[in-house]
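The following note sets out numbered remarks on the model shown below. It is intended to be read alongside the coordinates.

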Amino acid sequence: MFKQGNLLKTLPNARNHEVFEDLIKHPFVRIERIVSRGQTSPETGWYDQEESEWVVVLQGNAELTFENGESVSLEAGDHLNIPAHTRHKVSWTDPERETVWLAVFYPSGEIE
């Protein structure tokens with residue numbers, strides 16, 4: 001009936017690649033835990049998603065870069081809303097420890 005867990009315990013090994021884990025999948029929302037350790041997006045190409053994404057860093061540090069040249073540094077507790085089709089990439093994650101993200105994907109449109 002209930003599914004309980006802890007987002008910061010028993011972290012997967014992210015030394016070789018980022019780990020993406022769907023926590024909730026629904027036709028209108030998807031919640032994902034991402035664990036990074038030094039990974040970045042490829043040099044070429046951008047994330048350009050159909051849905052909007054709200055992301056929070058629960059542990060660690062990261063930096064996102066946007067196509068317009070703006071960069072945003074994130075540390076534990078920082079969150080950011082990325083509207084659909086806002087081209088972005090992960091430009092840095094802490095190579096010394098895991099960065100744990102919680103990402104919520106939802107249909108584009110007005111939010112309050």
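Where does T10 lie?

1. T10. This residue lies in the segment before β1. The model is a predicted one, and in it T10 has a phi near 45°, which is a positive value in a residue other than glycine. T10 is exposed because its relative accessible area, 77%, is over the 50% that marks exposure.

2. Overall composition. The protein chain contains 0 helices and 8 strands. Read from the N terminus on, its elements follow the order β-β-β-β-β-β-β-β. Of the 112 residues, 38% count as buried.

3. Dimensions. A compact globule of 112 residues would have a radius of gyration near 13 Å, and the 14 Å of the protein chain therefore agrees with that expectation. Along the principal axes, the C-alpha atoms fill a box of roughly 40 × 35 × 25 Å. Among the contacts with a separation of 6 or more, 65% come from residues 24 or more positions apart.

4. The five-stranded sheet. An open sheet of 5 strands is present, with antiparallel pairing and the order β1-β2-β8-β3-β6. Its edge strands, β1 (19-26) and β6 (79-82), each pair on one side only. From one strand to the next, the twist averages 15°. As general background, strands of a sheet pair through backbone hydrogen bonds, in either a parallel or an antiparallel sense.

5. The β3-β8 pair. Within this sheet, strand β3 (residues 52-59) and strand β8 (residues 99-106) run antiparallel and are joined by 7 bridges. W54 has V104 of β8 as its bridge partner.

6. Pairings of β4. Strand β4 is joined to β5 by 5 bridges, and the two run antiparallel. β4 also pairs with strand β7 (residues 88-93), again in the antiparallel sense and over 5 bridges. A62 can be used to follow both pairings: it stands opposite L74 in β5 and opposite T93 in β7. The hairpin of β4 and β5 has 4 residues between the strands, and G69 takes a positive phi near 95° there.

7. The nonpolar core. Which residues touch the most other members of the largest nonpolar core? They are V55, L64, F66, L74, L80, I82 and W101, out of 14 residues in that core. At least two residues of this core are supplied by each of β3, β4 (61-66), β5 (71-75), β6 and β8. The core thus draws on β4 and β5 as well as on β3, β6 and β8.

8. Surroundings of I82. Residues up to four places away in sequence are not counted here. On that basis, I82 touches S52, E53, V55, L64, F66 and H88. Of these, V55, L64 and F66 are also listed, with I82 itself, among the core residues that touch the most other members.

9. R15 and R37. R15 is found in the segment before β1. Is R15 buried or exposed? Its relative accessible area is 55%, over the 50% cut-off, and R15 therefore counts as exposed. The C-alpha atoms of R15 and R37 are 5.8 Å apart, although 22 residues separate the two in sequence. With neighbours within four places in sequence left aside, R15 is in contact with R37 and Q39.

10. P42 and S91. P42 has its place in the loop between β2 (29-36) and β3. P42 is exposed because its relative accessible area of 57% is over 50%. Its C-alpha atom is separated from that of S91 by 8.9 Å, and the two residues are 49 residues apart along the chain.

11. H85. The loop between β6 and β7 holds H85. Its phi is near 65°, a positive value in a residue other than glycine. Why does H85 count as partly exposed? Its relative accessibility is 43%, and H85 is therefore placed between the 20% limit for buried residues and the 50% limit for exposed ones.

12. Annotated span. In an unreviewed entry, UniProt lists residues 48-105 for "domain: Cupin type-2". In the model, this span is 0% helix and 62% strand. The end C-alpha atoms of residues 48-105 lie 13 Å apart.

Terms used: Residues numbered from 1 in each chain as written. Predicted model: local features only at pLDDT ≥ 70, side-chain atom pairs only at ≥ 80, totals over all residues. Heavy atoms only, no water. UniProt positions renumbered as here; feature names shortened; annotations may be inferred. Pairing = 2+ DSSP bridges. Axes fitted to C-alpha atoms, helices over the stretch in contact; angles between N-to-C directions. Buried < 20%, exposed > 50% of the residue type's maximum accessible area, 1.4 Å probe, protein only. Core = buried A, V, L, I, M, F, W, Y, C linked by side-chain atoms within 4.5 Å. Contact = heavy atoms within 4.5 Å. Rg over C-alpha atoms; globule rule 2.2 N^0.38 Å.
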